[in-house]
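Hi,

Here's the structure I promised to pass on. Have a look at it first, and then read my notes underneath.

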Amino acid sequence: MLWYPYTQMKQLEELPKMIAGEGVMMHLEDGRSLIDGISSWWAVIHGYNHPVLNAALITQVNKFAHVMLGGMTHGPALDLAAKLVQITPPGLAHVFFSDSGSIGVEVALKMSIQYWKNLGYQGKNKIISLRNGYHGDTFKAMEVSDDSDFTRAFADVLSRGFVLDIPAGGFDADTATVQAAADELEQLLHAEHRHIAAFIVEPVVQCAGGFNIYSPRYLQIARELCTKYNVLFVFDEVATGFGRTGKMFAAEHAGVTPDIMIIGKALTAGYMGHAATLATTSVFNSFLGENYEKALMHGPTFMANPLACTVALQSISLIESSDYLQRIAHIQSIIREALDNISSPAIVQKRTIGAIGAIELRDAACLNGFKAFSQQRGVWLRPIGNVLYLMPPYVISEQDLLTIINVMKEWIGQIK
Ligand SMILES: *Cc1c(COP(=O)(O)O)cnc(C)c1O
């Protein structure tokens, strides 16, 4: 029997069963169709069953579907690595592939810790992370994620580093507010930098932790502080990458380059699991030496899978050829305006950026019954805790977008 994720299997209800997809539509076995309001966990940015992506995959599958990357190379891996170096912030010049966002984070943290060891430092191995952050479900990723339902069962085996708060005040926070959060970072770095390998953040937007948006100015100051105190700065762009926040990568809001950056989710346009961890040449060079001692001893079986690389290349080319950033700006303006028209005493805060719209409600109980309600109205949404949000595929029409938001509005309107 199938064991579902994040599910109390004792309470498993009958689930909708998808049999086909097209554009933003998920067609179900019972004849209904749902508009996907969350891009299948934020990945399916071009929609389902995309003819150009399908064609690229078919061409590659007829050559070879997979080959190991150990001791062997191939075109799709070389081409995608070059493309990622070209489109990510300047200075990230080396690309390590893996098979999921969580593993991409593991690789980033291994790189960070071994970097200092390779340079001859001892005990410089702790990680700073942010409250409400989420970096994946594997063990080290859980250690740098905030305590939550995801980590609770393992609290006694997780070896925690340091946790800081994001600056208050949202994207446009005033200078003093941002500086206050930056001062806390500096105090910690000043006291503990000898033990700290890296500071990992989801830049600008913390997604699974509740869609908390913060000032890019904080990233600029943190960049300077990390350099000053000899600590690597790591951006987890697994959720924010590929246009989701209105820029190709959220790092661009701040105009800074992290030492290490992780991308995943939308990398393959949701076609298959894949991730990449990018590093600067200075990080990369610390791994050079005469033997394995300094090498990065990591290698997922399916890293740089040729199908994954092929579909990623084709997805990036779609983004580049059809002016997606303009499309995302349009989605943002529709979401902003429509969310402005939703009001209720149950709403704590509304937060929007790029193709993300989130409404924080009083408590999770406000959303009891929401999934069935939205599915009856032809919309696929999955709130996180007390946050109702949408992150639609970029190909969504204005009409479908408004249908989704109207379902959110109708639900919120009847909360007592
Ligand atoms: C989803 C997510 C991950 C984990 O990615 P998986 O592919 O699910 O392992 C890591 N970091 C962030 C920011 C994410 O949103």
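What follows is a quick tour of the ligand site, the core and two odd backbone angles.

One thing up front: this is a predicted model, so please read every number below as computed from it.

**The ligand site**

Which residues sit around the ligand? The set is Trp42, Ser100, Gly101, Ser102, Tyr134, His135, Gly136, Glu202, Asp236, Val238, Ala239 and Lys265. Three polar contacts are worth loading into your viewer. The side chain of Ser102 has an N or O atom 2.6 Å from a ligand oxygen. For Lys265, an N or O atom of the side chain is 2.7 Å from an oxygen atom of the ligand. Asp236 pairs with a nitrogen atom of the ligand instead, with a polar side-chain atom 2.7 Å from that nitrogen. As for cover, the ligand taken alone exposes 380 Å², and the protein buries 83% of that.

UniProt has something to say here too, though from an unreviewed entry: under "binding site" it lists Gly101, Ser102, Asp236, Pro300 and Thr301. The same kind of caveat goes for Lys265, which an unreviewed UniProt entry lists as "modified residue: N6-(pyridoxal phosphate)lysine".

**Those three residues, one by one**

Ser102 is part of helix H4. Its relative accessibility is 16%, so it counts as buried, the cut-off being under 20%. Beyond its sequence neighbours within four places, Ser102 is in contact with His135, Gly136, Asp137 and Thr138.

Asp236 belongs to strand E10 (residues 232-236). It counts as buried because its relative accessibility is 4%. With neighbours within four places in sequence left aside, Asp236 is in contact with Val105, Tyr134, His135, Val201, Glu202, Pro203 and Ile262.

Lys265 is in the loop between strand E11 (260-263) and strand E12 (275-280). Is Lys265 buried, partly exposed or exposed? At 29% relative accessibility, it counts as partly exposed. Setting aside neighbours within four places in sequence, its contacts are Trp41, Trp42, Ala43, Val238, Ala239, Gly270 and His274.

**Two positive phi angles**

You'll probably want to check these in a Ramachandran plot. Most residues other than glycine have a negative phi. Trp41, one of the contacts of Lys265, has a positive phi near 55 degrees. Trp41 is in helix H1 (residues 39-42), and its relative accessibility of 42% makes it partly exposed.

Ala304 also has a positive phi, of about 60 degrees, without being a glycine. Ala304 is found in the loop between helix H9 (281-285) and helix H10 (306-321). At 0% relative accessibility, Ala304 counts as buried.

**The nonpolar core**

In soluble globular proteins, nonpolar side chains tend to be buried together. The largest nonpolar core in this model has 136 residues, and the members that touch the most others are Leu84, Phe199, Tyr218 and Phe242. Helix H4 (residues 101-118) gives the most to this core, with eight residues; helix H4 is also where Ser102 is placed.

Leu84 makes a handy starting point for browsing. Apart from neighbours within four places in sequence, Leu84 is in contact with Val95, Phe97, Phe242, Ile263, Leu267, Ala276, Leu278 and Ile316. Among these, Phe242 is another of the core members that touch the most others.

That's it from me. Shout if anything looks off on your side.

Cheers

Note on methods:
Residues are numbered from 1 along each chain as its sequence is written. This is a predicted model: local features need pLDDT of at least 70, side-chain atom pairs count only at pLDDT 80 or more; totals for chains, interfaces and linings use all residues. Side-chain values use heavy atoms; hydrogens and water are left out. A nonpolar core is a set of buried Ala, Val, Leu, Ile, Met, Phe, Trp, Tyr and Cys residues joined through side-chain atoms within 4.5 Å. Buried means under 20% relative accessible area, exposed over 50%, partly exposed in between (1.4 Å probe, protein chains only). Helices (H or I, at least four residues) and strands (E, at least two) are DSSP runs, numbered from the N terminus. Contact means heavy atoms within 4.5 Å. UniProt positions are given in the numbering used here, feature names are shortened, and annotations may be inferred rather than shown by experiment. A residue is near a molecule or strand if one of its heavy atoms lies within 4 Å of it. A polar contact is a pair of N or O atoms within 3.5 Å; within protein, one must be able to donate a hydrogen and the other to accept it, and residues adjacent in sequence count only if both atoms are side-chain atoms. Accessible areas come from the Shrake-Rupley method with a 1.4 Å probe; for residues, only the protein chains shown count as cover.
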